[in-house]
Amino acid sequence: MGMSIDEAIRRIDEHNYIHQQKEPRAVYITEAFDTLIGVVKKYQKIEQIVEHWACCGNPSDSMIAISEVIEDGKDT
């Protein structure tokens, strides 16, 4: 994998900011990027839960934590 998820998010945020200044009508692109960033952040959180479970966790606790990430509508 060439680029980390955090770096990709940073670049998308930077791209979004620059283009919003130039083209205020590009809101739909900003909304799409925001959605993708939210999905990626959820992926990262789930990845952390799985990694914790792999070393020292209880499978049922991990599944509860993952379902909370998915259901809460938040990305962090």
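Here are some numbered remarks on this predicted model, for someone meeting it for the first time.

1. Start with the overall layout. The protein is built with three helices and zero strands, so if you read along the sequence the pattern is simply α-α-α. Helix α1 covers residues 5-22, helix α2 takes in residues 27-56, and helix α3 runs over residues 59-71.

2. Next, how much is tucked away? Of the 76 residues in the protein, 17% are buried. The accessible surface amounts to about 6,000 Å², and carbon and sulfur atoms supply 59% of that. As for contacts, take those with a separation of 6 or more: residues 24 or more positions apart account for 55% of them.

3. Now have a look at α3. This helix has 13 residues, and from its first C-alpha to its last it reaches 18 Å, close to the 18 Å expected at 1.5 Å a residue. Three of its residues, Ser62, Ile66 and Val69, are buried. They sit on the same side of α3, because the arc they cover around the axis is only 55°. There is a general pattern behind this kind of spacing: an α-helix has 3.6 residues a turn, so residues three or four places apart point the same way.

4. What does the other face of α3 carry? Turned away from the buried side, you'll find the exposed residues Met63 and Glu71.

5. Ser62 deserves its own remark. Is Ser62 buried or exposed? Its relative accessible area is 8%, and since anything under 20% is classed as buried, Ser62 is buried. Leaving aside residues up to four places away in sequence, Ser62 touches Ile49 and Trp53. When you click through the model, those two residues are a handy place to begin looking around Ser62.

6. Compare that with His52, which belongs to helix α2. His52 has 46% relative accessibility, so this residue counts as partly exposed. The chain puts His52 and Ser62 ten residues apart, and their C-alpha atoms are separated by 8.3 Å. So this pair links a residue of α2 with a residue of α3, one of them partly exposed because its accessibility is 46% and the other buried because its relative accessible area is 8%.

7. Then there are the charged side chains. How many salt bridges does the structure hold? The total is two. In one, the side chains of Glu7 and Arg10 meet, at 2.7 Å from N to O. In the other, the side chain of Arg11 meets that of Glu7, with an N to O distance of 2.8 Å. Through these salt bridges with shared partners, Glu7, Arg10 and Arg11 are joined into one network.

8. Where does that network sit? Glu7 and Arg10 both lie in helix α1, three residues apart, which is about one turn of the helix. Arg11 and Glu7 are also both in α1, four residues apart, again about one turn.

9. A last remark on how open these three are. Glu7 has a relative accessible area of 23%, so it is partly exposed. Arg10, at 41%, is partly exposed, and so is Arg11, at 46%. The range that applies here lies between under 20% for buried and over 50% for exposed, which is why a value such as the 23% of Glu7 ends up as partly exposed.

How values were computed. Residues numbered from 1 in each chain as written. Predicted model: local features only at pLDDT ≥ 70, side-chain atom pairs only at ≥ 80, totals over all residues. Heavy atoms only, no water. Helix = DSSP H or I, 4+ residues; strand = E, 2+ residues; numbered from the N terminus. Buried < 20%, exposed > 50% of the residue type's maximum accessible area, 1.4 Å probe, protein only. Contact = heavy atoms within 4.5 Å. Salt bridge = Lys/Arg side-chain N within 4 Å of Asp/Glu carboxyl O. Areas by Shrake-Rupley, 256 points an atom, 1.4 Å probe, with all protein chains shown as cover. Expected span 1.5 Å × (residues − 1). Arc of directions from axis to C-beta.
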